[in-house]
2 protein chains.
Amino acid sequence: MSQTRGRGRRADALSKDVVVRAAVDLLDEHGERGFTFKLLTERLQTGAGAVYWHVANKDELVLLATDKVIGDALAALRPEPGADAETRLRTLLLTMYDALDQHFWAAPHVVAGSAMPNAMLLLERVGSLIAETALPARRHFAAATALFLYLVGVTAQDSAHAKTVEPGVSRDELLGQEAARWAALDPATFPFVTRVAAELGDHSDRDQFITGVDLFLDGLRAHG
Amino acid sequence: MSQTRGRGRRADALSKDVVVRAAVDLLDEHGERGFTFKLLTERLQTGAGAVYWHVANKDELVLLATDKVIGDALAALRPEPGADAETRLRTLLLTMYDALDQHFWAAPHVVAGSAMPNAMLLLERVGSLIAETALPARRHFAAATALFLYLVGVTAQDSAHAKTVEPGVSRDELLGQEAARWAALDPATFPFVTRVAAELGDHSDRDQFITGVDLFLDGLRAHG
DNA sequence: GAGGCAATGGAACGTCATTCCAGAAGGGGG
DNA sequence: CCCCCTTCTGGAATGACGTTCCATTGCCTC
């Protein structure tokens with residue numbers, strides 16, 4: 001009888017970090033729906049038990065993967081010597097937008113809490129930059145969390161669109177179809193939506209995000 | 001032999017609306033995780049096949065339930081005679097905030113697309129009210145979607161917190177614990193977070209939401 | 001009152017996360 | 001050098017779940 005169970009410690013040791021890295025890759029490839037432990041154990045050439053030794057359960061794994069995405073994006077951020085706080089804030093937010101756009105499964109899981117150290121660090125950066133502006137200190141907390149929530153909310157929403165994209169259908173195509181559906185609505189009940197339907201067709205989520213950020217920053221300035 | 005299968009049409013007929021209503025109730029009671037077809041068929045005193053006759057699958061059911069929550073909240077909204085557009089916009093957003101806060105499972109599923117008629121109607125209302133302000137028409141689309149995304153993003157984030165609340169632990173308690181954890185961080189790497197930790201303890205998500213909305217509206221006014 | 005269509009309910013199926021356990025490196029003490 | 005114990009591994013087993021399938025039934029029309 002060959003004993004196929006329990007082959008002991010391996011040379012290319014498994015570790016929490018290796019597992020999380022594989023999870024990020026698989027989430028990128030298959031999305032959250034398609035991400036299963038079967039896929040994960042196949043990629044890692046191991047069994048479920050080995051994975052569960054390093055990670056409590058799937059939820060924790062997705063959480064760790066999400067935090068890793070944020071951490072990597074923050075690590076890749078280059079300092080901008082001489083730039084003012086507002087410029088650096090814009091750069092920070094756009095960098096995070098791009099990261100969460102690329103790893104489209106992550107945004108809904110981002111929470112600024114002690115369970116996600118890197119998300120915490122992100123909030124810290126946003127807050128520090130806002131504190132550098134001339135805004136009254138009383139508003140710093142509200143402004144920082146509002147911007148943080150706006151970032152996460154927008155990317156979560158954008159990725160909800162991305163999720164429905166099926167292979168073979170381009171994003172632009174889908175947006176065009178949706179714009180057409182908006183335009184086809186009854187102008188009596190939907191005066192606004194039908195009017196702006198055209199803008200939906202050729203808009204960029206990224207541009208729209210930064211427009212929202214600017215509105216926010218304008219509001220901050222107006223308050224100061 | 002007793003034939004227990006297929007008892008034909010019932011007097012208290014099932015219908016899409018009945019199914020969706022039951023889904024909303026069960027989602028409220030058990031959250032998205034605890035919401036299963038077993039629970040649903042038990043509550044409706046029927047089998048899985050009957051439910052699937054009215055609804056394509058679980059995803060569609062959750063989507064319909066989400067849209068119903070928005071629809072009900074919009075329907076309950078009372079007109080405010082004599083109030084200006086900005087006031088009415090604030091009321092609209094707060095009403096929706098409360099609805100999404102109550103049905104904490106819904107926010108992550110809200111998407112402004114033709115698949116969710118009532119979400120569409122919500123965007124329409126937001127857009128119409130913004131169009132009533134003196135803002136240049138060029139900005140209406142961006143402003144309306146930004147506010148819409150902010151609403152959905154904030155409620156989704158808040159409900160992520162609510163989800164982790166276990167029976168027996170109050171929300172305030174949990175917030176206090178998190179605030180303590182923030183305060184305990186290293187002030188060298190987290191100068192901002194440690195400084196505002198106290199504010200987290202006694203803050204209201206709802207107040208913070210409306211503060212964010214105000215910042216937005218200030219920004220809009222500054223632009224005009 | 002026959003025939004067809006709209007609904008129904010539950011058995012059966014496949015997939016998935018998670019648990020359980022028998023076992024195998026590696027290291028330290030004898 | 002050998003035993004033992006901790007750390008780690010792989011896969012079989014389990015149970016819950018979404019979904020499909022289908023025999024069966026009541027209502028409606030002709």
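**A two-chain model, from one arginine outwards**

R206(B) sits in helix α10 of chain B, the helix that covers residues 205–223. The model here is a predicted one, and this arginine makes a handy place to start. Is R206(B) buried or exposed? It falls in between: a residue needs 20 or more other C-beta atoms within 10 Å to be buried and 12 or fewer to be exposed, and R206(B) has 14, so it counts as partly exposed. Along the chain, R206(B) is 111 residues away from T95(B), yet the C-alpha atoms of R206(B) and T95(B) are separated by 11 Å.

Next comes the way the two chains go together. Two copies of a chain are related by a rotation about an axis and a shift along it. Here, a turn of 180° with a shift of 0.0 Å along the axis lays chain A on chain B, with an RMSD of 0.1 Å. That is what a two-fold axis does. The copies also meet through the same surface, because 100% of the interface residues of chain A are interface residues in chain B as well.

As for the contact itself, chain A puts in 43 residues and chain B puts in 43 residues. On the side of chain A that touches chain B, at least two residues each come from α6 (117–132), α7 (140–164), α8 (171–183), α9 (191–201) and α10 (205–223) of chain A. Which helix gives the largest share of that side? It is α7(A), with 14 residues. Sorted by type, the residues on the side of chain A that touches chain B come out as 24 nonpolar, 13 polar and 6 charged.

Within chain A, the domain assignment gives two pieces: domain 1 runs over 11–55 and domain 2 over 70–223. Taken over C-alpha atoms, the centres of domain 1 and domain 2 of chain A are 29 Å apart.

Helix α1 of chain A, residues 16–34, is worth a closer look. With 19 residues, a straight helix would span 27 Å at 1.5 Å a residue, but α1(A) manages only 21 Å between its end C-alpha atoms. There is also a kink in α1(A) of about 85°, and D28(A) is at its centre. Which residues of α1(A) are buried? They are V19(A), V20(A), A23(A), V24(A), L26(A) and L27(A). The cover over these buried residues includes three helices of chain A, namely α2 (37–44), α3 (48–54) and α4 (58–76).

Key:
Residues numbered from 1 in each chain as written. Chains lettered and ligands numbered in written order. Predicted model: local features only at pLDDT ≥ 70, side-chain atom pairs only at ≥ 80, totals over all residues. Least-squares fit on C-alpha atoms with pLDDT ≥ 70 in both. Contact = placed C-beta atoms within 7 Å. Domains from an automatic or database assignment. Helix = DSSP H or I, 4+ residues; strand = E, 2+ residues; numbered from the N terminus. Expected span 1.5 Å × (residues − 1). Bend = angle between axes of the 7 residues up to and from the residue. Nonpolar A, V, L, I, M, F, W, Y, C, P; charged D, E, K, R; others polar.
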